[in-house]
Amino acid sequence: MDQLMLEREIIKVRSLEDIGFSNSYFLWVIHADKIPPHIGISFDDRFFSLKSNGKDEGLSIFRMESILRKKCIPVLFYEIEREAVQVTPDIIFSNYEKTVSGKVTCLEPLKDIFGVLNATWIKELLQSLKSKDFIRNCYGWQLPEGFTEIPDYSPAEIHQRLIALENAS
């Protein structure tokens, strides 16, 4: 997959207060330096993501910030144009319970939200959004030295990770 042009233009921030979350959609790439990363979405001050042990549904972004800051987890935030959202996160996430290896990843609800049903990993979703000029900015927080892009990985690696998480439960 080609490197995303926008990933070379990451706006690094020291604090999430430097990002205007109010009344905006953000796609969160959590553990941005890991294979695979975890993804979620926020609108205003509410965060949504699908996990192996359930889901975050309307969680306060300030609560998320506290957790991510304590663990020093690298995150990319893609600010997304409102026009990209076909169905709001609260409606879509009500249709999901948790991830399921081989079937449902954390990407599934985001594909529904943006109507990009053929994406198999985050870079394909981002490329589709970028091709329609739906990505405003990309912010990086707590990124490791030298970080330039989300690492490449395969759908098989996503499901291997989900299997490991399911077995750890």
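## Close-up legends: salt bridges, sheet and cores

**View A. The Glu65–Arg69 pair in helix α1.** Arg69 is partly exposed, its relative accessibility being 38%; here buried is under 20% relative accessible area, exposed is over 50%, and partly exposed is in between, with a 1.4 Å probe and protein chains only. Its partner Glu65 is buried at 14%. A salt bridge joins the two side chains, with 2.4 Å from N to O; the term requires a side-chain nitrogen of Lys or Arg within 4 Å of a carboxyl oxygen of Asp or Glu. Glu65 and Arg69 are about one helical turn from each other, because they sit four residues apart in helix α1. Helices (H or I, at least four residues) and strands (E, at least two) are DSSP runs, numbered from the N terminus. A note on all the views: this is a predicted model, in which local features need pLDDT of at least 70 and side-chain atom pairs count only at pLDDT 80 or more, while totals for chains, interfaces and linings use all residues. Residues are numbered from 1 along each chain as its sequence is written, and side-chain values use heavy atoms, leaving out hydrogens and water.

**View B. Glu79 and Arg136, a pair that links two strands.** The closest N and O atoms of Arg136 and Glu79 are 3.0 Å apart, making a salt bridge. With Arg136 in strand β7 and Glu79 in strand β6, the pair ties together parts that are 57 residues apart in sequence. Which of the two is buried, and which is partly exposed? Glu79 is buried at 8% relative accessibility, whereas Arg136 is partly exposed at 38%. A salt-bridge network links Glu79, Glu81 and Arg136. Strand β6 spans residues 75-80. Beyond its neighbours within four places in sequence, Glu79 has contacts that include Tyr25, Phe26, Phe134 and Tyr139; contact means heavy atoms within 4.5 Å.

**View C. Glu149 meets Lys123.** Their side chains form a salt bridge with an N to O distance of 3.0 Å. Glu149 belongs to the loop between β7 and α5 (155-168) and Lys123 to helix α4, so this pair ties together parts that are 26 residues apart in sequence. Lys123 is buried, at a relative accessible area of 1%, while Glu149 is partly exposed at 25%. Across the model, the salt bridges number nine.

**View D. The seven-stranded open sheet.** In what order do the strands of the open sheet lie? The order is β1-β7-β6-β2-β3-β4-β5, and the pairing is mixed; two strands pair if DSSP finds at least two bridges between them. Strands β1 (11-13) and β5 (54-60) are the edges, each pairing on one side only. From one strand to the next, the twist averages 25 degrees; axes are lines fitted to C-alpha atoms, for helices over the stretch in contact, and angles run from 0 to 180 degrees between N-to-C directions. Strands β2 (residues 25-30) and β3 (residues 38-43) are antiparallel and joined by six bridges. Within this pairing, Phe26 stands opposite Ser42 in β3.

**View E. Two helices against the strands.** How many degrees separate the direction of helix α4 from that of β2? Helix α4 (residues 122-131) runs at about 150 degrees to β2 and lies across β2, β3, β6 and β7.

**View F. Two nonpolar cores.** A nonpolar core is a set of buried Ala, Val, Leu, Ile, Met, Phe, Trp, Tyr and Cys residues joined through side-chain atoms within 4.5 Å. The largest has 40 residues, and Leu27, Leu76, Tyr78, Phe114 and Leu125 have the most contacts inside it. Helix α4 gives this core its largest share, four residues. A second, separate core has 16 residues, including Trp28, Ile61, Phe77 and Trp141. Phe114, setting aside its neighbours within four places in sequence, touches Leu27, Ile41, Ile80 and Leu129, among others. In soluble globular proteins, nonpolar side chains tend to be buried together.

**View G. The protein chain as a backdrop.** The protein chain holds five helices and seven strands, in the sequence pattern β-β-β-β-β-α-β-α-α-α-β-α. Of its 169 residues, 50% are buried. Among contacts with a separation of 6 or more, 72% are between residues 24 or more positions apart. Along its principal axes, the C-alpha trace spans about 35 × 35 × 35 Å.
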